[in-house]
Amino acid sequence: MKNHVIVSVLLFACLSAINSCQSEDTAEYFNSGLDKLYRHDYSGAIADFTEVLKMDSDDAEAYVGRGQAKAGLRDFHGAIADYDHATYLAPKEADAYQNR
């Protein structure tokens, strides 16, 4: 699972760099969430991804990131709920399916 989280974090970092639809504030919180996720600061990552979702409730990547952080805290029901919502928003989001 640890390797999967690292690969997912790297994937999200690449996606966030090319995602021009995110506002500057949203991108800042998203990147901060990725950094905290990478450092195993799961509570901090959840807070940052939640801020992204307050600004853009349709950001499937933020739901996946928050789901990964919840899984890190062993909140598997919360993680699955976030992955499910990500798949609803972006049915082709492979990470949401894979993590679920």
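Here are some short exercises on the structure above, each with a worked solution.

This is a predicted model, in which local features need pLDDT of at least 70, side-chain atom pairs count only at pLDDT 80 or more, and totals for chains, interfaces and linings use all residues. Residues are numbered from 1 along each chain as its sequence is written, and side-chain values use heavy atoms, leaving out hydrogens and water.

**Exercise 1. Find out how many helices and strands the protein chain has, and how confident the predictor is.**

Step 1. Helices (H or I, at least four residues) and strands (E, at least two) are DSSP runs, numbered from the N terminus.
Step 2. The protein chain has six helices and zero strands.
Step 3. Now turn to pLDDT, the predictor's confidence in each residue, from 0 to 100. The protein chain averages 84, and 77% of the residues score at least 70.
Step 4. Among the elements, helix α1 (residues 2-18) has the lowest mean pLDDT, 54, while α3 has the highest, 98.

**Exercise 2. Check the span of α3 and list its buried residues.**

Step 1. The expected span of a helix is 1.5 Å times one less than its number of residues.
Step 2. With 14 residues, α3 should span 20 Å, which agrees with its end C-alpha atoms being 20 Å apart.
Step 3. Buried means under 20% relative accessible area, exposed over 50%, and partly exposed in between (1.4 Å probe, protein chains only).
Step 4. In α3 the buried residues are Y42, G44, A45, I46, D48, F49, V52 and L53.
Step 5. Their cover includes α2 and α4 (60-72), where a contact means heavy atoms within 4.5 Å.

**Exercise 3. Locate the aromatic pair and classify it.**

Step 1. Rings of Phe, Tyr and Trp (its six-membered ring) pair if their centres lie within 6.5 Å; planes under 30 degrees apart count as stacked, over 60 as edge-to-face and the rest as tilted.
Step 2. Searching the whole structure gives one aromatic pair.
Step 3. The ring centres of F30 and F49 are 5.6 Å apart and their planes stand at 70°, so this pair is edge-to-face.
Step 4. Because F30 lies in helix α2 (residues 24-38) and F49 in helix α3 (residues 42-55), the pair ties together parts 19 residues apart in sequence.
Step 5. Both F30 and F49 are buried.

**Exercise 4. Repeat the helix check for α5.**

Step 1. Helix α5 (residues 76-89) has 14 residues and reaches 20 Å from its first C-alpha to its last, close to the expected 20 Å.
Step 2. Its buried residues are G78, A79, D82, Y83, A86 and T87.
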